[in-house]
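Here are some notes to read alongside the structure, point by point. Please keep the viewer open as you go.

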Amino acid sequence: MKLYIKQRVFSWTDTYDVYGANQIPKYFVKAEFFTIGHKIHIYDHASGNEVGVIREKLFTMFGGAEISAGGRELGSITKHFSFLRPKYSIDYNGWGIEGDFFGWDYSITDRYGETVALISKELFNWGDTYSLEIFSDSNELDALMTVIAIDMLNCGRS
């Protein structure tokens with residue numbers, strides 16, 4: 001399954017539209033405007049219900065995010081110091097993640113080394129645009145929240 005994540009350029013906060021096959025809207029992602037640290041909400045497009053929240057961890061050396069879905073905490077992503085490429089640790093689902101030199105392409109793996117999702121940033125688009133290939137439907141929301149959290153950590157507060 002593939003999702004396409006497109007950032008809205010002319011918005012006061014981080015706002016993304018998430019599309020499935022045939023450009024059918026699946027999710028809507030919007031950051032709160034007046035918060036200390038980022039707080040990003042993920043909504044199901046069809047129902048309008050909130051399905052996930054990403055909160056920036058404050059007072060961390062290199063950055064981090066706490067992720068929750070359906071009112072329960074899933075875990076967190078922490079960015080680590082690295083010279084050549086972004087490095088993250090994920091403490092939920094037994095997942096691991098690595099990015100390329102520019103931090104635009106990622107592979108998420110499970111605890112057995114199997115690929116859960118592939119994330120790639122599409123260049124030459126107006127606003128950040130990502131392609132997210134997920135290999136199991138059950139990982140769709142978690143993988144989407146991981147991509148949004150990493151984009152938040154890479155871009156910082158703008």
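1. Let's start with Tyr92 and Trp95, both of which are buried. Please bear in mind throughout that this is a predicted model. The structure contains 2 aromatic pairs. In one of them, the rings of Tyr88 and Tyr106 sit with their centres 6.0 Å apart and their planes at 65 degrees; the pair is edge-to-face because that angle is over the 60 degrees required. Tyr88 belongs to strand 8 (residues 87–90) and Tyr106 to strand 10 (residues 105–109), so this pair ties together parts that are 18 residues apart in sequence. Tyr88 is buried, at 5% relative accessible area, and Tyr106 is buried too, at 6%. Tyr92 and Trp95 make an aromatic pair of the tilted kind, with 5.8 Å from centre to centre and 45 degrees between the planes.

2. Now for the overall layout. How many helices and strands does the protein chain have? The secondary structure comes to 1 helix and 12 strands. Along the sequence the pattern reads β-β-β-β-β-β-β-β-β-β-β-β-α, so the helix follows the strands. Of the 158 residues in the protein chain, 43% are buried. Taking contacts between residues at least 6 apart in sequence, 30% join residues at least 24 apart. The chain's accessible surface is about 8,900 Å², and carbon and sulfur atoms account for 56% of that area.

3. Strands 2, 3 and 4 are worth following one after another. Strand 2 (residues 15–19) pairs with strand 3 (residues 25–31) in the antiparallel sense, over 5 bridges. Within that pairing, Val18 has Tyr27 of strand 3 as its bridge partner. The two strands form a hairpin with 5 residues between them. In the turn, Asn22 has a positive phi of about 55 degrees. Strand 3 is also joined to strand 4 (residues 39–44) by 5 bridges, and these two strands run antiparallel. Here Phe28 stands opposite Tyr43 in strand 4. As a general reminder for viewing, side chains in a regular strand alternate between the two faces of the sheet.

4. Asp44 deserves a look while you are in strand 4, where it is found. Is Asp44 buried or partly exposed? Its relative accessible area is 24%, so Asp44 counts as partly exposed, since buried means under 20%. From C-alpha to C-alpha, Asp44 and Phe28 are 6.5 Å apart in space, although 16 residues separate them in sequence. Setting aside neighbours within four places in sequence, Asp44 is in contact with Lys26, Tyr27, Asn49 and Val51.

5. Gly37 is found in the loop between strand 3 and strand 4. Despite its loop position, Gly37 is buried, with 8% relative accessibility. The C-alpha atoms of Gly37 and Glu56 are separated by 5.5 Å, while the two residues are 19 residues apart along the chain.

6. Next comes the nonpolar core. Which residues have the most contacts inside the largest nonpolar core? They are Ile5, Ile54 and Leu132, in a core of 38 residues. Helix 1 gives the most to this core, with 10 residues. Not counting residues up to four places away in sequence, Ile54 touches a list of residues including Ile40, Ile42, Ala65, Ile67, Met145, Ile148, Ala149 and Met152. Polar names also appear among the residues touched by Ile54, including His38, Lys39 and Glu66. In soluble globular proteins generally, nonpolar side chains tend to be buried together.

7. Helix 1 (residues 140–155) has 16 residues. From its first C-alpha to its last, helix 1 reaches 23 Å, close to the 22 Å expected at 1.5 Å a residue. Helix 1 is mostly covered, with 14 of its 16 residues buried.

8. Last, please check Thr129, which is found in strand 12 (residues 129–134). Thr129 is buried, at 7% relative accessibility. Leaving aside neighbours within four places in sequence, Thr129 is in contact with Ile5, Lys6, Ser120, Lys121 and Glu122. Ile5 was met above as one of the residues with the most contacts inside the largest nonpolar core.

Notes
Residues numbered from 1 in each chain as written. Predicted model: local features only at pLDDT ≥ 70, side-chain atom pairs only at ≥ 80, totals over all residues. Heavy atoms only, no water. Phe/Tyr/Trp six-rings, centres within 6.5 Å; stacked < 30°, edge-to-face > 60°. Helix = DSSP H or I, 4+ residues; strand = E, 2+ residues; numbered from the N terminus. Buried < 20%, exposed > 50% of the residue type's maximum accessible area, 1.4 Å probe, protein only. Pairing = 2+ DSSP bridges. Contact = heavy atoms within 4.5 Å. Areas by Shrake-Rupley, 256 points an atom, 1.4 Å probe, with all protein chains shown as cover. Expected span 1.5 Å × (residues − 1). Core = buried A, V, L, I, M, F, W, Y, C linked by side-chain atoms within 4.5 Å.
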